[in-house]
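Grab the viewer and let's work through this chain one question at a time. Try each one yourself before you read the reply.

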Amino acid sequence: MKMARASKDDLDRMIAFMQFIEEFMDYGTHTPQNDEYEEESIELTDEGFAERLRELWGRRFGHHGVDIAWSRVVFGCGVLIDNVCDPNADTLEWKPELAAKIEGWRCFHCDQVFGDRDAALVHFGGSEIQTPACKIDAVAFRDLERLAASYVNEDTELHKEVAALRSRLADATRRAEEDGYARGLADAKKHPGELGLCVAEPEQVKGGAS
Ligand SMILES: [Zn+2]
């Protein structure tokens, strides 16, 4: 079942009723705020107070008075507080999950509110480990710029290490090739027959095919 919403009129009646009680309890008088009553400020007896209370309550005159209004105002307020307000706040604040939808995203640090998701993303970053824009200090930002530039120029410690390794590898490869070639050549000179090579004899060269 849905609860009827209190009207502005309901609120006004409730306020007038409670102010009247407060005034009598504090001073024993009745000083109408509203000119339409055309009443003077008067000292009230208990009977006069009760009589005025009945008028404000409303039933006696058949119109809707505080008798109908108060439950809409008081219970409605309770329903709103339970459903809409932050239970951990002493002042009227949106529940956090509602605040995010209604207000957008509020930064804890600078209190800025972002209604647009993309704008919030720019301020907060996309992950929890990122620093909000308002908390980034200039020194850290310049350091990041320098780091980004060194990556662009391939000038980080990592790049230098990779370049040194490449150079050492190229040297080692070249040396291994040279050593292998020299060893092969030496073997070929020692055992030419095993490798299908033959050394030309001086006579064979001289005599030709005979
Ligand atoms: Zn911020």
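Q: Is Trp-94 buried, partly exposed or exposed?
A: In this predicted model, Trp-94 has a relative accessible area of 40%. Buried would need under 20%, and exposed would need over 50%. The value for Trp-94 falls between those limits, so Trp-94 is partly exposed.

Q: Where does Trp-94 sit, and which residues does Trp-94 touch beyond four places away in sequence?
A: Look in the loop between helix 3 and helix 4 for Trp-94. Ile-81 is 13 residues away from Trp-94 in sequence, with 9.3 Å between their C-alpha atoms. Once residues up to four places away are set aside, Trp-94 touches Val-84, Cys-85, Asp-86, Ala-99, Ile-102 and Glu-103.

Q: What is the order of helices and strands along the chain?
A: Start with the tally, which comes to 8 helices and 4 strands. Now write α for a helix and β for a strand, and read along the sequence. You get α-β-β-α-α-α-β-β-α-α-α-α.

Q: Which helix gives the most residues to the largest nonpolar core?
A: This core has 10 residues: Ala-6, Met-14, Phe-17, Phe-20, Phe-24, Leu-44, Phe-49, Leu-56, Val-66 and Val-73. Helix 1 (8–27), helix 2 (46–57) and helix 3 (66–84) each supply at least two of them. With 4 residues, the top giver is helix 1.

Q: Why might you look for nonpolar side chains grouped together?
A: Here's a handy rule to keep in mind. In soluble globular proteins, nonpolar side chains tend to be buried together.

Q: Which residues does Leu-44 contact, leaving aside neighbours within four places in sequence?
A: Leu-44 belongs to the largest nonpolar core. A contact here takes heavy atoms within 4.5 Å. With the sequence neighbours left out, the partners of Leu-44 are Phe-20, Phe-24, Gly-28, Thr-29, His-30 and Phe-49.

Q: How far apart in space are Ile-15 and Trp-70, C-alpha to C-alpha?
A: Ile-15 is in helix 1, and its relative accessible area of 45% makes it partly exposed. Along the sequence, Ile-15 and Trp-70 are 55 residues apart. In space, C-alpha to C-alpha, the gap is 9.8 Å.

Q: Is Ser-71 buried, partly exposed or exposed?
A: Ser-71 lies in helix 3, and its relative accessibility is 24%. The buried class stops at values under 20%. The value for Ser-71 doesn't meet that cut-off, nor the one of over 50% for exposed, so Ser-71 counts as partly exposed.

Q: Which residues does Ser-71 touch, not counting those up to four places away in sequence?
A: Ala-6 is 65 residues from Ser-71 in sequence and 8.6 Å away in space, C-alpha to C-alpha. For touching, though, you want contacts outside the four-place window. Those are with Met-3 and Gly-76.

Q: Which element gives the largest share of the lining of the second largest pocket?
A: The second largest pocket has a volume of about 310 Å³. Of its 13 lining residues, the closest to the centre are Trp-105, Arg-106, Cys-107, Phe-108 and Phe-124. Two elements give two or more residues to the lining, helix 4 (96–102) and strand 3 (105–106). The largest share, 3 residues, comes from helix 4.

Q: How many nonpolar residues are in the lining of the second largest pocket?
A: Sort the lining residues by class. You'll find 2 polar and 3 charged residues there. The count for nonpolar residues is 8.

Q: What is the phi of Glu-154?
A: Find Glu-154 in the loop between helix 6 (138–152) and helix 7 (157–190). Glu-154 is exposed, with a relative accessible area of 56%. Although Glu-154 is not a glycine, its phi is positive, at about 50 degrees.

Q: Where is Asp-111, which has a positive phi of about 70 degrees?
A: Asp-111 isn't a glycine, yet its phi is positive. To find Asp-111, look between two strands. The place is the loop between strand 3 and strand 4 (113–114).

Q: What percentage of the residues in the chain is buried?
A: The chain has 210 residues. Buried ones are those under 20% relative accessible area. Their part of the chain is 18%.

Methods: Residues are numbered from 1 along each chain as its sequence is written. This is a predicted model: local features need pLDDT of at least 70, side-chain atom pairs count only at pLDDT 80 or more; totals for chains, interfaces and linings use all residues. Side-chain values use heavy atoms; hydrogens and water are left out. On a 1 Å grid over the protein atoms alone, a cavity is a set of points where a 1.4 Å probe fits but cannot get out, and a pocket is an open set with protein on both sides within 12 Å along at least five of seven lines; lining residues have an atom within 4 Å of a point. Grid points are joined across faces, edges and corners, and a volume is the space filled by probe spheres set on the points. Ala, Val, Leu, Ile, Met, Phe, Trp, Tyr, Cys and Pro count as nonpolar, Asp, Glu, Lys and Arg as charged, and the others, Gly among them, as polar. A nonpolar core is a set of buried Ala, Val, Leu, Ile, Met, Phe, Trp, Tyr and Cys residues joined through side-chain atoms within 4.5 Å. Buried means under 20% relative accessible area, exposed over 50%, partly exposed in between (1.4 Å probe, protein chains only).
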